[in-house]
Amino acid sequence: MNGKYNIREEAAQRFYRLPKVFFTNERYKKISNDAKIAFAILQDRLDLSIKNEWFDDEGNIYFLYGNQQLAEILNCSKPTVIKIKKELHQVVLLEEKRMGLSQSNRLYLLKPVAEVSDVKPIDQSTNEPGSLGGQQKLKSFTSRNQTSLLQEVKIFNTNDTDLNNTDLSKTEIKIHQLKEKTTLPESIVQVLIKHQQRLMDDHIEVEEIANHYFAHQEVLTVHQYADALQYSLERTPGRIKSITARLTKAVEDKKKWLGIQTQPPQQPIRTEKVPEWLNQSKVQQTASNTLSPEEIATEKERVLSKLAKRKSK
């Protein structure tokens, strides 16, 4: 008989520790089996964190995993990771600490808390032959896939910094940090926040938009530029490959539109037919204005002679 330890046998005997309090305490009963399994897997990876020296100044062990990495570790979809993190956060089993724009967030696994009332149920579950074991309770985890998720979880997809709905996304953090570092107007910041999902989906860097605005701030007013930006993010079909080119086109379109709107309405040109006698009168008047002094004196004498003749009659 071979009494040597075999690597395959050792691998087959490895297991995850799953706290029994998850099935006795009312606080933890409500979380899904997926979240319970995830806790056990992360707990097992504490040794890896220690090996990587992932512990803070107080000696607390943390993880540096984004949602995509956690999805690979837990063998589930990214939306499921989001859901699991929310559940663990709600029952104080997971804490996430933001470390800045260019650094990964730190995940802290927290110890479950057992009440005195949990002691007896835990002992009873060990002795009862008909009790539902942890493996039976959790076996649905291995058979689940993304099609079994709730519809709202299926369609929900976010970046690696999300923990719950009230948390800021990575893009929103960039927007606020950009606002603090620059004099980016509030109206433009609000447009960026409103369309942050589009920015994330199309991998648009907010710095590019800020640089484009500062290069064109003399061309349009703040509100005019904000309108052009909003139009670009809302109305552009498909993926925006170059936000700089798209904004340049939007600014030019805005300038043309404003140019058309500011032109005064053209008045129709009226053409009037002048009577021929009026033209002749003007010609005669013009001719009289050009007589020499001698001609004027002669004309005066002629007129006076005519008047004298009329009086003598």
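This is a short working chat about a predicted model.

Reader: What are the ground rules here?
Author: Residues are numbered from 1 along each chain as its sequence is written, and side-chain values use heavy atoms, with hydrogens and water left out. The model is predicted: local features need pLDDT of at least 70, side-chain atom pairs count only at pLDDT 80 or more, and totals for chains, interfaces and linings use all residues.

Reader: How many helices and strands in the protein?
Author: The protein has 18 helices and two strands. These are DSSP runs, numbered from the N terminus: helices are H or I with at least four residues, strands are E with at least two.

Reader: What share of the residues count as buried?
Author: 32% of the 313 residues. Buried means under 20% relative accessible area, exposed over 50%, and partly exposed in between, with a 1.4 Å probe and protein chains only.

Reader: And of contacts between residues at least 6 apart, what share join residues at least 24 apart?
Author: 62%. Contact means heavy atoms within 4.5 Å.

Reader: On to the strands. In which sense do β1 and β2 pair?
Author: Antiparallel, over four bridges. β1 is residues 94-97 and β2 is residues 106-109. Two strands pair if DSSP finds at least two bridges between them.

Reader: Which residues in β2 are the bridge partners of leucine 94 and glutamate 96?
Author: Leucine 94 has leucine 109. Glutamate 96 has leucine 107.

Reader: Which side chains of β1 are buried?
Author: Leu94 and Glu96, which point to one face. Glu95 and Lys97 point to the other face and are not buried. In a regular strand the side chains alternate between the two faces of the sheet.

Reader: What about the faces of β2, covered or not?
Author: Both are covered. Arg106 and Tyr108 are buried on one side, Leu107 and Leu109 on the other.

Reader: New topic: how many cavities of 30 Å³ or more?
Author: One. The largest cavity has a volume of about 50 Å³. On a 1 Å grid over the protein atoms alone, a cavity is a set of points where a 1.4 Å probe fits but cannot get out; lining residues have an atom within 4 Å of a point. Grid points are joined across faces, edges and corners, and the volume is the space filled by probe spheres set on the points.

Reader: Which residues line the largest cavity?
Author: Leu42, Leu70, Leu74, Val81, Ile84, Lys85, Leu88, Leu94 and Leu107. Two elements, α5 (67-74) and α6 (78-90), give two or more residues to that lining. α6 gives the most, with four residues.

Reader: How does the lining divide into nonpolar, polar and charged?
Author: Eight nonpolar, no polar and one charged. Here Ala, Val, Leu, Ile, Met, Phe, Trp, Tyr, Cys and Pro count as nonpolar, Asp, Glu, Lys and Arg as charged, and the others, Gly among them, as polar.

Reader: Where is asparagine 75?
Author: In the loop between α5 and α6. Its phi is near 60°, a positive value in a residue other than glycine. Asparagine 75 counts as exposed because its relative accessibility is 70%.

Reader: And valine 92, where does that lie?
Author: In the loop between α6 and β1. Valine 92 also has a positive phi, about 60°, although it is not a glycine. Its relative accessibility is 47%, so valine 92 counts as partly exposed. Most residues other than glycine have a negative phi.

Reader: Switching to α4: why does leucine 46 count as partly exposed?
Author: Because its relative accessibility is 23%. Leucine 46 is in α4 (residues 46-51). Beyond four places in sequence, leucine 46 touches Ile61 and Phe63. Its C-alpha atom is 8.9 Å from that of leucine 109, 63 residues apart along the chain.

Reader: Serine 49, buried or exposed?
Author: Buried, with a relative accessible area of 0%. Serine 49 is also in α4. Leaving aside neighbours within four places, serine 49 is in contact with Trp54, Ile61, Tyr62 and Phe63.

Reader: Last one: which residues of α14 are buried?
Author: Val206, Ile209, Ala210, His212 and Tyr213, in a helix of residues 206-216. They cover an arc of only 165° around the axis, so they sit on the same side of α14. The arc is that of the directions from the helix axis to the C-beta atoms. On the other side of α14, Asn211 and Ala215 are exposed.

Reader: What does histidine 216 contact, leaving aside neighbours within four places?
Author: Tyr225 and Val251. Histidine 216 is in α14.

Methods
On a 1 Å grid over the protein atoms alone, a cavity is a set of points where a 1.4 Å probe fits but cannot get out, and a pocket is an open set with protein on both sides within 12 Å along at least five of seven lines; lining residues have an atom within 4 Å of a point.
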